[in-house]
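Please open the structure in your viewer and keep the selection panel at hand. The stops below go from one pair of strands to the next, and then to single residues and the chain as a whole.

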Amino acid sequence: VQLQASGGGLVQAGGSLRLSCAASGRTFSSYVMGWFRQAPGKEREFVGAISWNGGSTYYADSVKGRFTISRDHAKNTVYLQMNSLKPEDTAVYYCAADRTTSLIILRHMSRDEYDFWGQGTQVTVSS
């Protein structure tokens, strides 16, 4: 599976962006997908994840209520809708895929759980 993240950019605080993660490979629809982010000088951190069928999602407390993950199997794409953006959301955002179907919160919060990673897309939120 190859993942290609896009949609990053510069936005003012309070604004919105939608990131996309396009996947190659026919088995994409059976994978848990996650989003992570990494700010300069910080560890890569969990943002959210979605189960294979979109029926379950889970978010980090820092983005809960502002970010939404969805997926479109027909387009082999996962989305991260980011609203009410804050300067502290500034980071490189990565999508990742795990070759399991069920979203298990404690496992899928860990970057070690994921088998495939996209290249990252920069999100910058100005104050």
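Select strands β4 (residues 32-38) and β9 (residues 91-98), which pair in the antiparallel sense over seven bridges; strands here are DSSP E runs of at least two residues, helices are H or I runs of at least four, and both are numbered from the N terminus, while two strands count as paired if DSSP finds at least two bridges between them. This is a predicted model, in which local features need pLDDT of at least 70 and side-chain atom pairs count only at pLDDT 80 or more, whereas totals for chains, interfaces and linings use all residues. Residues are numbered from 1 along each chain as its sequence is written, and side-chain values use heavy atoms, with hydrogens and water left out.

**Strand β4 and its partners**

To find one rung of the β4 and β9 pairing, pick Gln38, whose bridge partner in β9 is Val92. Then add strand β5 (residues 45-50), which also pairs with β4 in the antiparallel sense, here over five bridges; in this pairing Arg37 has Glu45 of β5 as its bridge partner. β4 and β5 form a hairpin with six residues between the strands, and within it Gly41 takes a positive phi near 75 degrees. If you colour β4 by accessibility, you will find the strand mostly covered, with six of its seven residues buried, where buried means under 20% relative accessible area, exposed means over 50%, and partly exposed lies in between (1.4 Å probe, protein chains only).

**Strands β7 and β8**

Next select strand β7 (residues 67-72) and show its side chains, which alternate along the strand. Which of them are buried, and which are not? Phe67, Ile69 and Arg71 point to one face and are buried, while Thr68, Ser70 and Asp72 point to the other face and are not.

Add strand β8 (residues 77-82), which runs antiparallel to β7 and is joined to it by six bridges; within the pair, Ile69 stands opposite Leu80 of β8. The two strands form a hairpin with four residues between them. In the loop between β7 and β8 select Asn76, which has a positive phi of about 50 degrees although it is not a glycine.

Staying in β8, centre the view on Tyr79, which counts as buried because its relative accessible area is 11%. Leaving aside neighbours within four places in sequence, Tyr79 is in contact (heavy atoms within 4.5 Å) with Arg18, Leu19, Ser20, Trp35, Thr68, Ile69, Ser70 and Asp72. For Arg18, the C-alpha atom is separated from that of Tyr79 by 6.7 Å, although the two residues are 61 residues apart along the chain.

**The loop between β8 and β9**

Move on to the loop between β8 and β9 and select Ser84, which has a positive phi of about 50 degrees although it is not a glycine, and which is partly exposed, with a relative accessible area of 42%.

Leu85 has its place in the loop between β8 and β9 and is buried, with a relative accessible area of 2%. Its contacts, not counting residues up to four places away in sequence, include Val11, Gly15, Leu17, Phe67 and Val125. Draw the C-alpha to C-alpha distance from Leu85 to Gly15, and the value is 5.5 Å for two residues that are 70 residues apart in sequence.

**The helix**

Now select helix α1 (residues 105-108) and, within it, His108. Is His108 buried or exposed? At 1% relative accessibility, His108 counts as buried. Among the residues that His108 touches, beyond those up to four places away in sequence, are Val32 and Phe36, Phe46 and Ala49, Asp98, and Tyr114.

**The whole chain**

Finally, zoom out to the full chain, which has one helix and 11 strands and follows the pattern β-β-β-β-β-β-β-β-β-α-β-β along the sequence. The C-alpha atoms fill a box of roughly 40 × 30 × 25 Å, taken along the principal axes. Buried residues make up 43% of the 127 residues, and residues 24 or more positions apart account for 59% of the contacts with a separation of 6 or more.
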